[in-house]
Amino acid sequence: MDKKLETDNLEMRLQALESRIHGERRNKSGKPVKCAESLARIQAGLTNTANKRERVKILHKKIEDLVKYLDPQFTDHITVPDAMKLEFILAEEDFLLSQAVLLEQVSSLQPLLDSTYIRDVPEHATKLQRLSQIHIKEQDQTETQSLEVKKLFEEYNKMMFLLSKQFTQWDETLRKMEEAKGIRPVE
């Protein structure tokens, strides 16, 4: 059923396109002009014409040669002699040898890439993501705890300061009372 709808939809779109291109023109039998039919007729006519004329046949055979001649690398092939190409290769010999050594190293390390550790990376990635989320959560908790501890230390220091101040006042008051009574302070 869906294919029928798709075909009908495609047919309607093609008719709309043909009417835009050809307008309201009709062929000899009075039916609307269809692009596909027109193109098929034109192609058949060109093929018949090409087969009848000898010059067109020769031209078709030479198209491959023309395409080859139009290729930018063809001019390099003609203008650069083999001796020059050999010199290019010899000039880059050190570079090519170093690249060959690197390729050998890569091929010797290929078993490492095929190891179970590398194949298990997606599984480890999900575990790592879960651990990362836990780590972030614990970092937030640590920051909260640090702020609480800092607050407690500030309160402790404030309390110690006030107690120290109170003890100093009591000591001063006690010293004044002892002096007033004539008692010598114990050291």
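This passage walks through the helices, the exposed surface and an aromatic pair of a predicted model. Local features were taken at pLDDT of at least 70 and side-chain atom pairs at pLDDT 80 or more, while totals for chains, interfaces and linings use all residues. Numbering runs from 1 along each chain as its sequence is written, and side-chain values rest on heavy atoms, with hydrogens and water left out.

The chain is built from eight helices and zero strands (DSSP runs, H or I of at least four residues for helices and E of at least two for strands, numbered from the N terminus). Just 4% of its 187 residues are buried, meaning under 20% relative accessible area, with exposed set at over 50% and partly exposed in between (1.4 Å probe, protein chains only).

On to helix α8, residues 121-181, which holds Phe153. Phe153 counts as exposed because its relative accessibility is 52%. Phe153 also joins a nonpolar surface patch of about 850 Å², whose other members include Phe167 and Trp170. Patches take residues with over 30% relative accessible area and no salt bridge, joining nonpolar side chains (Val, Leu, Ile, Met, Phe, Trp, Tyr) within 5 Å and like charges within 9 Å; a salt bridge puts a side-chain nitrogen of Lys or Arg within 4 Å of a carboxyl oxygen of Asp or Glu. Areas come from the Shrake-Rupley method with a 1.4 Å probe, and for residues only the protein chains shown count as cover.

One aromatic pair turns up. The ring centres of Phe167 and Trp170 sit 5.5 Å apart with planes at 75 degrees, so the pair is edge-to-face (centres within 6.5 Å; planes under 30 degrees stacked, over 60 edge-to-face, the rest tilted; Trp by its six-membered ring). Both Phe167 and Trp170 are exposed.
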